[in-house]
Amino acid sequence: MKKQNLSQHGNIPVLKNKYVKIGIVVSDWNETITNALKEGALACLKESGIDDQQIVIHNVPGSFELPFAASMLIDAHDDIDAVICLGCVIQGETRHFEFISQAVANGIMRISLDYNVPVIFGVLTCDTMEQAQERAGGKHGNKGVEAAYTCLKMLELQQKIF
């Protein structure tokens, strides 16, 4: 079975409503990785025709803070159509990795369902820094691009349904 890589997605979704506002929250922890994810996401959004005025970016200390930051963005900006959460959690010697990864995934999903706004999980959960690098512009593409592509696909679906 061929592994899929949405970083090479082909066609960018075309939104009926060209004016959308997208929030991006980025973890400062593992900053070289998360900055690469952010740059990939921004490139994909700009390729789709979204300009800088349509994007709100905020940084948080770590991935654990991503769901709360997404919630604050949605509360503070009634025109936010979607939020992309970008982070990187790397396995260490303790179970901390498991707790953080699970809490972030559950928190992001909860915000999306509670607010009925696409909140995209763009958080790498890797065993090693090398794996993270491979997914932040390396041989496995850029998961930031994939998160932005997913965001656009969800907005496209939302516009079709509503």
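Biologist: How do the axes of helix α1 and helix α5 cross, and at roughly what angle?

Modeller: The axes of α1 (residues 31-47) and α5 (residues 143-161) come within 6 Å and cross at roughly 40 degrees. An axis here is a line fitted to C-alpha atoms, for helices over the stretch in contact, and angles run from 0 to 180 degrees between N-to-C directions. Helices (H or I, at least four residues) and strands (E, at least two) are DSSP runs, numbered from the N terminus.

Biologist: Where do the numbers come from?

Modeller: This is a predicted model, where local features need pLDDT of at least 70 and side-chain atom pairs count only at pLDDT 80 or more, while totals for chains, interfaces and linings use all residues. Residues are numbered from 1 along each chain as its sequence is written, and side-chain values use heavy atoms, with hydrogens and water left out.

Biologist: Back to the helices: why is α1 called oblique to α5?

Modeller: Angles under 35 degrees count as roughly parallel, over 145 as roughly antiparallel, 65 to 115 as roughly perpendicular, and the rest as oblique. Roughly 40 degrees fits none of those named ranges, so α1 is oblique to α5. The crossing is also right-handed, meaning the near helix is turned clockwise from the far one by less than a right angle (anticlockwise would be left-handed).

Biologist: Which residues make the contact?

Modeller: From α1 you get Leu-37, Gly-40, Ala-41, Cys-44 and Leu-45, and from α5 Lys-143, Gly-144, Val-145, Ala-148, Tyr-149 and Leu-152. Contact means heavy atoms within 4.5 Å. By class, that's eight nonpolar, two polar and one charged residues. Ala, Val, Leu, Ile, Met, Phe, Trp, Tyr, Cys and Pro count as nonpolar, Asp, Glu, Lys and Arg as charged, and the others, Gly among them, as polar.

Biologist: What makes α2 and α3 roughly parallel to each other?

Modeller: Their axes come within 8 Å and cross at roughly 20 degrees. That falls in the lowest range, so α2 and α3 count as roughly parallel. α2 passes α3 in a right-handed crossing. Leu-66, Pro-67, Ala-70, Ser-71, Ile-74 and Asp-75 in α2 meet Val-104, Gly-107, Ile-108, Ile-111 and Tyr-115 in α3.

Biologist: What do the buried residues of α2 pack against?

Modeller: They pack against β1 (22-27), β2, β3 (82-90), α3 and β4 (119-126). Among those buried residues are Leu-66, Ala-69 and Leu-73.

Biologist: How do you know that Cys-88 is in no disulfide?

Modeller: A disulfide is a pair of cysteine sulfur atoms within 2.5 Å. The nearest cysteine sulfur to Cys-88, that of Cys-126, is 5.4 Å away, which leaves Cys-88 in no disulfide. Likewise, Cys-151 is in none, with the sulfur of Cys-44 8.9 Å away. The structure holds zero disulfides.

Biologist: Is Cys-88 buried or exposed?

Modeller: Buried, because its relative accessible area is 1%. The rule is under 20% for buried, over 50% for exposed and partly exposed in between (1.4 Å probe, protein chains only). Cys-151, at 0%, counts as buried too.

Biologist: Where is Ser-63 found?

Modeller: In the loop between β2 (55-60) and α2 (66-76). At 5% relative accessible area, Ser-63 is buried. Leaving out residues up to four places away in sequence, Ser-63 touches Ser-27, Gly-87, Cys-88, Val-89, Val-104 and Val-123.

Biologist: And why does Ala-147 count as buried or exposed?

Modeller: Ala-147, in helix α5, has 4% relative accessibility, so Ala-147 counts as buried. Ala-147 and Phe-121 are 26 residues apart in sequence and 6.9 Å apart in space, C-alpha to C-alpha.
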